[in-house]
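Ready to find your way around a new structure? Grab a pencil and try each exercise before you read its solution.

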Amino acid sequence: GKMIAEVVGEKIVGLSQMKTLSAMLASAIITAILTVISVPVSLTQVVIGGMVGAGLSRRPSVTNRRELGVLFAGWALVTVSSAGLAFFLSLILTRLV
């Protein structure tokens with residue numbers, strides 16, 4: 001959480017206090033809406049998305065595209081790998097019980 005936010009805020013988009021406030025407000029609104037309609041939400045992804053959006057509103061050319069690509073690739077890798085591991089663990093554990 002905190003480490004990822006620091007990387008995004010400092011290395012990827014460089015946020016001012018107002019940009020950070022905008023990102024956090026957007027994150028809170030999106031989280032509230034998704035919670036009301038019972039959609040599961042990753043708070044880290046919502047906050048990082050808000051930070052990236054706020055940073056891009058400044059000047060997209062300032063954004064560190066390499067770091068942003070690593071971040072999105074990591075999200076995809078974590079999602080797929082955790083889904084795969086949970087799938088296999090559930091098969092194993094249901095056979096043991």
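Two residues are in contact when they have heavy atoms within 4.5 Å of each other. Keep in mind that this is a predicted model.

**Exercise 1. Work out what share of the contacts in the chain with a separation of 6 or more comes from residues 24 or more positions apart.**

Solution. Start with the elements: the chain has 4 helices and 0 strands. From the N terminus on, they run α-α-α-α. Now turn to the contacts with a separation of 6 or more: residues 24 or more positions apart account for 74% of them.

**Exercise 2. Find where in the chain confidence is lowest and where it is highest.**

Solution. First take the whole chain: its mean pLDDT is 81, and 81% of its residues reach 70 or more. Next, go helix by helix. Helix α1 (residues 2-12) has the lowest confidence, with a mean of 67, while α2 has the highest, at 90. A word of caution: where pLDDT is low, the predicted coordinates should not be read in detail.

**Exercise 3. Decide whether S27 is buried or exposed, and list what S27 is in contact with.**

Solution. Step one is to locate S27, and its place is in helix α2 (residues 17-36). Step two is accessibility: the cut-off for buried is under 20%, and S27 counts as buried because its relative accessibility is 4%. Step three is the side chain, which has a polar atom 2.8 Å from the backbone oxygen of A23. Last, set aside the neighbours within four places in sequence; S27 is then in contact with V46, V47 and G50.

**Exercise 4. Check how the reach of α3 fits the expected value, then name the buried residues of α3.**

Solution. Count along the helix: α3 has 16 residues. From its first C-alpha to its last, α3 reaches 23 Å, close to the 22 Å expected at 1.5 Å a residue. As for burial, the list for α3 is V46, I48, G50, M51, V52, A54 and G55.

**Exercise 5. Identify the residues of the largest nonpolar core and the element that gives the largest share.**

Solution. Here's the general idea: in soluble globular proteins, nonpolar side chains tend to be buried together. In this model, the largest nonpolar core has 8 residues in all: L15, A23, I48, M51, V52, A54, L68 and L71. Two or more residues come from each of α3 (43-58) and α4 (65-96). The largest share, 4 residues, belongs to α3.

**Exercise 6. State how many residues the chain has and what percentage count as buried.**

Solution. The chain has 97 residues, and 19% of them count as buried. On the outside, the chain exposes about 6,900 Å², with carbon and sulfur atoms supplying 72% of it.

Terms used:
Residues are numbered from 1 along each chain as its sequence is written. This is a predicted model: local features need pLDDT of at least 70, side-chain atom pairs count only at pLDDT 80 or more; totals for chains, interfaces and linings use all residues. Side-chain values use heavy atoms; hydrogens and water are left out. Buried means under 20% relative accessible area, exposed over 50%, partly exposed in between (1.4 Å probe, protein chains only). A polar contact is a pair of N or O atoms within 3.5 Å; within protein, one must be able to donate a hydrogen and the other to accept it, and residues adjacent in sequence count only if both atoms are side-chain atoms. A nonpolar core is a set of buried Ala, Val, Leu, Ile, Met, Phe, Trp, Tyr and Cys residues joined through side-chain atoms within 4.5 Å. Accessible areas come from the Shrake-Rupley method with a 1.4 Å probe; for residues, only the protein chains shown count as cover. pLDDT is the predictor's confidence in each residue, from 0 to 100. The expected span of a helix is 1.5 Å times one less than its number of residues.
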